[in-house]
Amino acid sequence: TLQEAAWLARVCDRLGRDALPCVRRGALDAVLVLAAALPVSLDLDLDAPNDFSRAQEVHLLRCKLMPVATSLAEDAAAEVRAAVARRAGALCDAFGEKRSAVVVDDARGLLEDADARVRCAAAKALPAIAAVAARQSDADSNAALALLA
């Protein structure tokens, strides 16, 4: 239900600020699953006029989840930043076209991270990010790939 999804979003936010990196990585996984499942799990027809308020709620929930993912991309622990980098393509897909540019910006930063493991994970994620960008783009694939430039 919508109330359960809102509760899960609050839990993700709280766990994303936990002292333990393993808990923050778990928060990232929860953000990813919740963001991807929101419209499906709530049985929303986002184009139906009677679901407008519920569609707005889904939008707001995704807006609450995005800062959790973004803050984890800047986490003090390299293992958490690397986890974000590894899941960057899936995060783009889960958050959708309107919000995937934020994930792409995070991935750009991770490509320049001081930790080699984070940079490697970000580099390995580029094909997945490009595939999502190309799939989501209304224009040709060159315009979608320009997101990564």
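Let me begin with helix H5 and its buried residues, which are Ala88, Gly89, Leu91, Cys92, Ala94 and Phe95. That is 6 of the 8 residues of H5, so to speak of this helix as mostly covered is fair. Please keep in mind throughout that we are looking at a predicted model. Directly after H5 comes Gly96, which has a positive phi, near 85 degrees.

Let me place this helix in the chain as a whole. The secondary structure consists of 8 helices and 0 strands. Of the 149 residues, 44% count as buried. If one takes the contacts between residues at least 6 apart in sequence, 65% of them join residues at least 24 apart.

A word on confidence. The average pLDDT of the chain is 84, and 81% of the residues score at least 70. Confidence is highest in H4, with a mean of 96, and lowest in helix H8, residues 141–145, with a mean of 49. Where pLDDT is low, the predicted coordinates should not be read in detail. I shall therefore say nothing further about the details of H8, given its mean of 49.

I turn now to the interior. The largest nonpolar core comprises 41 residues, and Leu65 and Phe95 have the most contacts inside it. Two or more residues come from each of helices H1 (2–15), H2 (21–41), H3 (52–73), H4 (78–86), H5 (88–95), H6 (97–111) and H7 (116–136). Which of these gives the largest share of the core? It is H3, with 8 residues. As general background, nonpolar side chains tend to be buried together in soluble globular proteins.

Phe95 brings us back to H5, where it is one of the buried residues. Setting aside neighbours within four places in sequence, Phe95 is in contact with Val31, Ala35, Arg62, Leu65, Met66, Ala69 and Val103. One name in that list is charged, namely Arg62, and I should like to dwell on it.

Arg62 lies in helix H3. What is the nearest side chain of opposite charge to this buried residue? It is Asp93, at 9.2 Å. A salt bridge requires the nitrogen and the carboxyl oxygen to be within 4 Å, and Arg62 has no salt bridge. Its side chain does have a polar atom 3.0 Å from the backbone oxygen of Ala35. Beyond its neighbours within four places in sequence, Arg62 is in contact with Ala35, Leu38, Pro39, Ala94, Phe95 and Arg99. Ala35 thus appears among the contacts of Phe95 and also among those of Arg62.

Next, Leu28, which is found in helix H2. Is this residue buried or exposed? It is buried, because its relative accessible area is 1%, and the limit for that term is under 20%. Apart from neighbours within four places in sequence, its contacts are Leu72, Ala83, Val84, Arg87 and Leu91. Leu91 belongs to the buried set of H5. Leu28 and Leu91 are 63 residues apart along the chain, and their C-alpha atoms are separated by 9.5 Å.

Finally, the charged pairs. Side chains of opposite charge can pair when their charged atoms come close. The count here is 7 salt bridges, and I shall describe three that involve helix H2.

In one of them, the side chains of Asp75 and Arg24 meet with an N to O distance of 2.6 Å. Asp75 sits in the loop between H3 and H4 and Arg24 in helix H2, 51 residues apart, and the pair links distant parts of the chain. Both residues are buried.

Another joins Glu79 and Arg25, whose closest N and O atoms are 2.1 Å apart. Because Glu79 lies in helix H4 and Arg25 in helix H2, this pair ties together parts that are 54 residues apart in sequence. Glu79 counts as partly exposed, at 37% relative accessibility, and so does Arg25, at 28%.

The remaining pair in this group is Asp29 and Arg87, again with 2.6 Å from N to O. Asp29 is in helix H2 and Arg87 in the loop between H4 and H5, 58 residues apart. Asp29 is partly exposed, with a relative accessible area of 31%, and Arg87 is partly exposed at 24%. Arg87 was also named among the contacts of Leu28.

Note on methods: Residues are numbered from 1 along each chain as its sequence is written. This is a predicted model: local features need pLDDT of at least 70, side-chain atom pairs count only at pLDDT 80 or more; totals for chains, interfaces and linings use all residues. Side-chain values use heavy atoms; hydrogens and water are left out. A nonpolar core is a set of buried Ala, Val, Leu, Ile, Met, Phe, Trp, Tyr and Cys residues joined through side-chain atoms within 4.5 Å. Buried means under 20% relative accessible area, exposed over 50%, partly exposed in between (1.4 Å probe, protein chains only). Helices (H or I, at least four residues) and strands (E, at least two) are DSSP runs, numbered from the N terminus. Contact means heavy atoms within 4.5 Å. A polar contact is a pair of N or O atoms within 3.5 Å; within protein, one must be able to donate a hydrogen and the other to accept it, and residues adjacent in sequence count only if both atoms are side-chain atoms. pLDDT is the predictor's confidence in each residue, from 0 to 100.
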